[in-house]
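Let's take a relaxed walk through a protein model, one piece at a time. Have the sequence and the 3D view ready.

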Amino acid sequence: MEAPILPFSSIPNLFSFFIFFLIIYLIAYFIIFPSWKPKLRPEASSCVISFFHGTPAVFLAVTSLLADSDRNFHSTNTPFQNMVLDYSIAYFLMDLTHYLIFYPSDVLFIGHHLATLFVFVTCRYMVYHGAYAILVLLILAEVTSFVQNTWTLASARKSDVEFAAKVYSVLSPPFYVFYSLVRGIAGPYFVYRMLSYYLSGAADNVIPRWIWVSWVFVVVTAISVSILWISNLWVELYKEMSRKFEKKVR
């Protein structure tokens, strides 16, 4: 199958998806969270657009992959898979805009979004192949997003809202376990399979080596940061539980 001659034919879809996320963000910021503290409103609004991206993207990605009987690490992207990539590109562009406006000094998240956009854009608009690998990674990245966004919102208000504190307390252990399994086991395993396949040279005729090396580098870096993040949360949870246990003993 030949690569599309007019890659910009899907720009209207990409623009429509971006407008969709922009509208959701504005509704969250000005209508859903108007009473929240100014420091919390942007983060909460970002969580809302993540709700509208994460879980839908998982279902869309899974459906697009199951519909492709020829899927492999270097197969040609199908129109459905390209649509899912456009959907995610639009989300990350919107969330990147959010960080540039409200948190311009947050180099880690800005760098993460730019790197993620590089992976999606090169897959979608440069090589037209490899969506199978990228969408599986998207599934692994977003399958925890619903719980993570709920946890993040509860964490933001746990100090002044009793219900939020209860949700945060109840949700933390299972969320940490779920996140650890996905990012600590499933993610590295799939990246190992991905790297092994690309190192064999089977994809070199359709995906330039520098591109798939860049993809692997971005993903390995993201997984490493995720493991470090969840490890710190486990340490904090252990310390908190230890303090509570000591108070009960006393």
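Phe73 is buried, with a relative accessible area of 6%; "buried" stands for under 20% relative accessible area, "exposed" for over 50%, and "partly exposed" for anything in between (1.4 Å probe, protein chains only). Keep in mind that this is a predicted model, where local features need pLDDT of at least 70, side-chain atom pairs count only at pLDDT 80 or more, and totals for chains, interfaces and linings use all residues. Residues are numbered from 1 along each chain as its sequence is written, and side-chain values use heavy atoms, with hydrogens and water left out.

**Ring pairs**

How many aromatic pairs does the structure hold? There are 31 aromatic pairs. Rings of Phe, Tyr and Trp (its six-membered ring) pair if their centres lie within 6.5 Å; planes under 30 degrees apart count as stacked, over 60 as edge-to-face and the rest as tilted. Two of the pairs go into this table.

| Pair | Distance of centres | Angle of planes | Kind |
|---|---|---|---|
| Phe17 and Tyr87 | 5.2 Å | 90 degrees | edge-to-face |
| Phe73 and Tyr197 | 5.2 Å | 35 degrees | tilted |

The Phe73 and Tyr197 pair links distant parts of the chain: Phe73 sits in the loop between α2 (41–66) and α3, while Tyr197 belongs to helix α7 (residues 162–199), 124 residues apart. Helices here are DSSP runs (H or I, at least four residues), strands are E runs of at least two, and both are numbered from the N terminus. Unlike buried Phe73, Tyr197 is partly exposed, at 22% relative accessible area.

As for Phe17 and Tyr87, Phe17 is in helix α1 (residues 11–32) and Tyr87 is in helix α3 (residues 79–102), so this pair ties together parts that are 70 residues apart in sequence. Phe17 counts as buried because its relative accessibility is 18%, and Tyr87 is buried too, at 7%. Both rings also belong to one aromatic cluster, which includes Phe20, Phe52 and Phe120 among its members.

**Around Thr144**

Is Thr144 buried or exposed? Thr144 is buried, with a relative accessible area of 0%. You'll find Thr144 in the loop between α5 (131–142) and α6 (145–157). Leaving out residues up to four places away in sequence, Thr144 touches Phe175, Phe178, Tyr179, Val182 and Arg183; a contact means heavy atoms within 4.5 Å.

Next door in the sequence, α6 has 13 residues and reaches 18 Å from its first C-alpha to its last, close to the expected 18 Å. That expectation is 1.5 Å times one less than the number of residues. Buried residues of α6 include Ser145, Trp151 and Arg157.

**The whole chain**

Zooming out, the protein chain has eight helices and zero strands. Buried residues make up 43% of its 250 residues. The C-alpha trace spans about 70 × 40 × 35 Å along its principal axes. Among contacts between residues at least 6 apart in sequence, 75% join residues at least 24 apart.

The UniProt record (an unreviewed entry) places "transmembrane region" at several stretches, including residues 175–192 and 212–235; such annotations may be inferred rather than shown by experiment. In the model, residues 175–192 are 100% helix, with end C-alpha atoms 25 Å apart. Residues 212–235 are likewise 100% helix, and their end C-alpha atoms lie 35 Å apart.
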